[in-house]
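I opened this model to look up one asparagine, one pocket and the nonpolar cores. My entries follow the structure.

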Amino acid sequence: FATVGIIFNANCSGKGICGACKVYIEEEKEFILACKYVVTTDIHVRVNFLLSKENKTANYNEDSTLVGMKFPQSTKKNQDNSNAFYGISIDIGTTTIGMALIYIPQGEILNTYGVYNSQRVFGADVASRIFYADSKDKLNELKKYVWKDILTGIRTLIEYQEKWDMNKTLSIVINGNTTMLNILKGYDVSGIGRYPFTAVDLLGGESYIYEFNLETDFIYEYINKDLYDYVKNAVVKILPSASAYIGSDVISGAAYLKLGQTEDYEMLIDLGTNGEIIIANNKMGVSGSTACGPAFEQALKGHQTYGSNLIDRIIDAYDRRLINQEGMIIKRFFDKGIPCDGGVILTQKTIRDIQLAKAAIYAGIIILTRHLNIDISDIKKVYIAGGFGAHLNIEHGARLGMLPKELLGRYEIVGNTSLKSGVEYLINPSIQNVIEEFILKLENVDLATKEDFNKVYLNSIKFD
């Protein structure tokens, strides 16, 4: 189905146990699992209309507010328009890939582009893709899928511009979670999936596109020869990550926000397919990653809505006493679920999945504060980043028990800081020094190994 643009959230990585790829075969008059069905003749297939379609225009983006933004001008000395160049910031997420085209030295965002990460056919979360990449051939397959998305995005951004000066050079900077960045390079990711959770590469570095060992014929499928002759000379900069589960997307975002540069403790919560948390001041910092992504993905499956809107509906049902404090739906709606606006049905499973996700985030925050030996109230500022957090109602997040109520009034939604930090790097490369210094003072905490994590987690499942 990927060949006609229909992407399934393959949570089980093709093992036939999650049911996410269920379709109806007209000729057989029954539902089947697409991942297990062998097509031997022409058939008519009906799919759920809520399934995602690849978006091939430059109009879809996670952070449309970027378009038309002016960042500070380049700090490079003696730079005039003759030395001006184009830059593309790329954020490789597990679920989506976002890109922003910038013109330097003016610092103007010309356009943005976004597409669902085509690797989703191999699993909705990082763990599924690590499991799938158990051979060189499968790893290379994953690598090609992400490069297909990147090359398509580069071509679209260039072609979308009415005028493009081929005399001006192109520079590319990439952020992403550690697994995505290692797959991008074709590096073995098996170490990220097992204790002690190590990655082949955390440093990033600079390369040309042709140094990523992509076959020429493959490149020409997504970007024509004339354009590739121009693009191949672009320097691709991958910014450094901190650990196997704290990637350059979160670290660069923290640097962009100037997190931890004062005596006050500040916190960054990146709510995407996974939940990463950083708490830091100018002396020390800690980071941790929570396994909330699969639960959020399961809760959103089949709902044509933002995850934050789903939270709003759960809070509304809770206020109407259709859900009790333990998260149980009342008897009247237990079997068929609670009907909500927009045709959304809140089922018991949906609510449980959200409870598991929000409890993981809250427990991660509590454990990291304990590790620092500080109180929640010592955190003076909280930034909410990531795709899931972009539309979050903070008050509802606190009432749900995902965010500490004690910090209400200190939260700020900041959007895709990974994409913005890439733009910042293109204009002012010295931000890499800030990133590297921040990594050195950051202690990564494996939350799952902390003795009190499970206790806090279990106590956080119910609604406040």
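The entries below cover these topics in turn.

**Basis.** I worked from a predicted model, in which local features need pLDDT of at least 70, side-chain atom pairs count only at pLDDT 80 or more, and totals for chains, interfaces and linings use all residues. Residues are numbered from 1 along each chain as its sequence is written, and side-chain values use heavy atoms, with hydrogens and water left out.

**Asparagine 177.** I found asparagine 177 in the loop between strand S9 (170–176) and helix H3 (178–185); helices (H or I, at least four residues) and strands (E, at least two) are DSSP runs, numbered from the N terminus. Asparagine 177 counts as buried because its relative accessibility is 10% (buried means under 20% relative accessible area, 1.4 Å probe, protein chains only). Its side chain reaches the backbone nitrogen of threonine 179 at 3.2 Å. Beyond neighbours within four places in sequence, I noted that asparagine 177 is in contact (heavy atoms within 4.5 Å) with Ile92, Gly93, Thr94, Val126, Gly247 and Asp249.

**Nonpolar cores.** I looked up the largest nonpolar core (buried Ala, Val, Leu, Ile, Met, Phe, Trp, Tyr and Cys residues joined through side-chain atoms within 4.5 Å), which has 52 residues. Met267, Ile269, Ile279, Ile338 and Ile384 have the most contacts inside this core. Its largest share, 11 residues, comes from H10. A second, separate core has 49 residues, including Ile90, Leu142, Ile172 and Tyr228.

**Second largest pocket.** I recorded 31 lining residues (an atom within 4 Å of a point on a 1 Å grid over the protein atoms alone; a pocket is an open set of points where a 1.4 Å probe fits, with protein on both sides within 12 Å along at least five of seven lines) for the second largest pocket. H1 gives the largest share of this lining, four residues.

Notes: Buried means under 20% relative accessible area, exposed over 50%, partly exposed in between (1.4 Å probe, protein chains only). A polar contact is a pair of N or O atoms within 3.5 Å; within protein, one must be able to donate a hydrogen and the other to accept it, and residues adjacent in sequence count only if both atoms are side-chain atoms.
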